Structure formats: C-alpha cells, structure tokens
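Student: I am new to this structure, and I would like a close look at a single part of it rather than a quick tour of everything. Please choose one part and explain carefully how it is held to its surroundings.

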Amino acid sequence: MPVAVEDVMRLLCSISEERKMKAAVKHSGKGALVTGAVAFVGGLVGGPPGLAVGGAVGGLLGAWMTSGQFKPVPQIIMELPPAEQQKLFNEATAIIRHLEWTDAVQLTMLVMGSEALQKQLLAMLANYVTRELRAEVQYDD
C-alpha cells in the first residue's frame, strides 16, 4: 500500500493539536541586535550613564520582542516545504510502518487508540521541531 505524505502530516497535526503543542523559533539574534543598537544610541546621547540606561532599556525591549512568538505545531507542519515534510514523514513512518491503514482517518484512529504510539510520535515530533527548526516546544495542557 502506498503511504501518502499528506496522511502522515494530518496524523501528526491531529496528535499535536490534541496535546496543544506549540513551538517558538528562537530569535535571540534579533533581541541581541536591538539591545546593542539601543545601548549604542544611549551611549552616543548620554555618555556612560546613557550607555547603562540604553543597555537596560534595549535589553527589556529585545526580550519583549522575542517573547510569546509561539505558533501551533499543526500550523508549522502544514507550512513546511515539501522537502521538510518528507524528512518528517520518513521519521514518522519508521514508527507506524507496522500498521495497516487505507486513509488518514483510519490511520489517525489506529494511532489515537494506542497511547504508546502517540507518545513515540509526539517525542519524534518534538525532537524534529527542536533539532531541525531550532524551536522551543511547549504544551498547553
């Protein structure tokens, strides 16, 4: 039976949606750039005290800009380019290859009936998101 990439992506979306899985790509470089720029301007305008104030304000601004940028994992999965979806598909099929199924609905029902398979697929997905997308994973349970 041919295994469809779309079916496996739908399965991963279902599992991650049920567990309210979110991920945030880390933008630490952007935050550091803002912090440095505001500290530099503060130093130009106010000398050493301006540098200190600029660094503090820039640090707070940088932290604020990079926080709370979580997106639902199902949305991230569906926005992945085909090459990345294929990588994710390959990892998932290594876990579900022993199952007999005909479409995404049946596949999802089989996996949702097995806590062990759900845990394996969630762990694989969290690992993929962390490793390949360099994102932080969060669960809203």
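Tutor: One definition is needed at the start: a residue is called buried when its relative accessible area is under 20%, exposed when the value is over 50%, and partly exposed when it lies in between. Please also keep in mind that this is a predicted model.

The part I have chosen is helix α6, which spans residues 115-132, and a little background helps to place it. The protein chain has six helices and three strands, and along the sequence these elements follow the pattern α-β-α-β-α-α-α-α-β. Of the 141 residues in the chain, 34% are buried. Among contacts between residues at least 6 apart in sequence, 76% join residues at least 24 apart, and the salt bridges of α6 will give us examples of partners with a wide separation along the chain.

Let us begin with the charged side chains, since the structure holds seven salt bridges and α6 takes part in some of them. K87 pairs with E132, with 3.2 Å between the closest N and O atoms. Because K87 belongs to helix α4 and E132 to helix α6, this pair ties together parts that are 45 residues apart in sequence. Both partners are partly exposed, K87 with a relative accessibility of 37% and E132 with one of 28%.

A further salt bridge joins R131 to E91, where the closest N and O atoms are 2.6 Å apart. This pair, too, links distant parts of the chain, for R131 sits in α6 and E91 in α4, 40 residues away in sequence. R131 counts as partly exposed because its relative accessibility is 36%, and E91, at 25%, is placed in that class as well. These pairs are not isolated, because salt bridges that share partners join E84, K87, E91, R131 and E132 into one network.

For contrast, consider a salt bridge elsewhere in the chain. R10 pairs with D7 at a closest N to O distance of 3.5 Å, and since R10 and D7 are three residues apart in helix α1, about one helical turn separates them. Here one partner, D7, is buried at 11% relative accessible area, whereas R10, at 42%, is partly exposed.

Having followed the charged side chains, we can turn to the nonpolar ones. The largest nonpolar core has 30 residues, and the members that touch the most others are L12, L88, I96, V111 and L121. Six elements each supply at least two of the core residues, namely α1 (5-18), β1 (21-25), α3 (73-79), α4 (82-96), α5 (104-112) and α6 (115-132). The largest share, eight residues, comes from α6, so the helix that we met through its salt bridges with α4 is also a main contributor to this core.

Which residues does V111 of the core touch, once its neighbours within four places in sequence are left aside? Its contacts are L11, I15, I96, L99, L117, Q118 and L121. V111 is itself one of the buried residues of α5, together with A104, L107 and T108. Seen down the axis of α5, these buried residues fall within an arc of 100 degrees, so they line one face of that helix. Their cover includes α6, along with α1 and α4, while the face of α5 turned away from the buried side carries the exposed residues V105 and M109.

A last detail concerns the stretch that leads into α5. D103 is found in the loop between α4 and α5, and it counts as partly exposed because its relative accessibility is 35%. Its C-alpha atom is separated by 8.4 Å from that of A4, although the two residues are 99 apart along the chain.

Taken together, α6 is connected to its surroundings in two ways: through salt bridges to α4, including the pairs K87 with E132 and R131 with E91, and through the nonpolar core, to which it gives eight residues.

Definitions and conventions
Residues are numbered from 1 along each chain as its sequence is written. This is a predicted model: local features need pLDDT of at least 70, side-chain atom pairs count only at pLDDT 80 or more; totals for chains, interfaces and linings use all residues. Side-chain values use heavy atoms; hydrogens and water are left out. A nonpolar core is a set of buried Ala, Val, Leu, Ile, Met, Phe, Trp, Tyr and Cys residues joined through side-chain atoms within 4.5 Å. Buried means under 20% relative accessible area, exposed over 50%, partly exposed in between (1.4 Å probe, protein chains only). Helices (H or I, at least four residues) and strands (E, at least two) are DSSP runs, numbered from the N terminus. Contact means heavy atoms within 4.5 Å. The arc is that of the directions from the helix axis to the C-beta atoms. A salt bridge is a side-chain nitrogen of Lys or Arg within 4 Å of a carboxyl oxygen of Asp or Glu.
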